[in-house]
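New to this one? Have a look around the model first, and then we'll walk through its insides together.

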Amino acid sequence: MKVEIIGSKLTAVVVFFFLTTWAHSQVLTSGEIVFERRTNLEKRYEGSSRMGGRSQEWMKEPKIDEFVLYFNDTEALFKPILPEVGDEDREWSTMKNSTYQDLSEGKLERQFSYYGSEIYLSDTLRSRAWIITENRRTIAGYETKQAYWEANDSTRIYAWYAEQLRPSVGPESFNGLPGTILGLALEDGGVVYFAKEVKPLSISNFKKEMPKGKPKDYLSNAELKKMVMELFSGGGSGGRILDDVFVW
């Protein structure tokens with residue numbers, strides 16, 4: 001009897017392993033991905049005049065935010081998951097953007113939330129010159145390939161994408177790779193996104209979940225850049241805010 005129980009348990013483990021491996025080997029054209037974003041606040045606010053150049057206790061621990069990416073073969077929505085119990089003392093310290101990508105029309109919509117204000121963007125999808133490397137890693141059970149993008153002279157962003165997940169989408173406004181991005185990180189590790197879970201799509205019409213402004217509220221990329229540059233012309237934390245808007 002004991003041998004039979006052990007054998008049954010072993011069979012169950014083998015079947016579970018087979019089903020898990022089989023599921024991760026399938027090519028998916030839709031799904032739902034939960035991401036965790038870790039932000040190093042000391043790096044984010046390094047040199048900011050608002051902080052007087054001094055490190056504060058609230059910067060010591062990374063700021064953790066969660067997001068969900070809904071996607072299919074024609075569109076994607078990336079939006080924050082609001083916690084039941086928030087990190088109230090530090091909620092202001094990171095932006096929580098919502099992004100809708102229309103792959104068939106080549107259009108992009110974004111809502112930026114900062115200090116209680118909402119800014120809306122409507123423009124075309126961004127194009128990035130990716131360089132694919134030989135590096136590999138497993139994320140959320142999927143084998144991924146690494147690529148990187150030179151955002152500017154001082155900012156390089158690494159991405160890890162899974163070819164088993166077919167749509168070319170990812171966190172924030174990212175796309176353009178032969179698969180879905182499951183990991184995204186600044187070279188210095190100041191901001192890192194990694195997928196925690198990939199599961200079946202639970203909302204068919206997820207476009208309606210995208211926050212909407214009034215028609216007059218929407219800016220083009222050029223208009224938004226002009227506004228942000230004027231807003232932070234005096235310095236302060238403008239550098240990082242510019243990254244939040246124009247890099248991610």
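Let's start with the nonpolar packing. This is a predicted model, and its largest nonpolar core holds 35 residues, with I33 and L182 touching the most other members. Strands 1, 2 (63-71), 3 (75-81), 8 (142-152), 9 (155-162), 10 (180-186) and 11 each give two or more residues to this core. Strand 9 supplies the largest share, six residues. There's also another core lying apart from that one, made of ten residues, including L108, L121, V228 and F232. As a bit of background, nonpolar side chains tend to be buried together in soluble globular proteins.

Now for the empty spaces. The structure has three cavities of 30 Å³ or more, and the largest of them has a volume of about 90 Å³. Its lining includes R37, T39, E172, V191, Y193, D244 and W248. Two elements give two or more residues to that lining: strand 1 (31-39) and strand 11 (191-199). Here is the lining of the largest cavity sorted by class:

| Class | Residues in the lining |
|---|---|
| Nonpolar | four residues |
| Polar | three residues |
| Charged | four residues |

One more residue deserves a stop: R110, which sits in strand 5 (residues 107-114). Is R110 buried or exposed? Its relative accessibility is 2%, and buried means under 20%, so R110 counts as buried. The side chain of R110 makes a polar contact of 2.9 Å with the side chain of T99. Leaving out residues up to four places away in sequence, R110 touches N97, E172, D244 and W248, among others. N97, E172, D244 and W248 also line the largest cavity.

Notes. Residues numbered from 1 in each chain as written. Predicted model: local features only at pLDDT ≥ 70, side-chain atom pairs only at ≥ 80, totals over all residues. Heavy atoms only, no water. 1 Å grid on protein atoms, 1.4 Å probe; cavity = no way out; pocket = protein on both sides within 12 Å on 5 of 7 lines; lining within 4 Å. Points joined across faces, edges and corners; volume = space filled by probe spheres on them. Helix = DSSP H or I, 4+ residues; strand = E, 2+ residues; numbered from the N terminus. Nonpolar A, V, L, I, M, F, W, Y, C, P; charged D, E, K, R; others polar. Buried < 20%, exposed > 50% of the residue type's maximum accessible area, 1.4 Å probe, protein only. Polar contact = N/O pair within 3.5 Å; in protein donor to acceptor, adjacent residues only side chain to side chain. Contact = heavy atoms within 4.5 Å. Core = buried A, V, L, I, M, F, W, Y, C linked by side-chain atoms within 4.5 Å.
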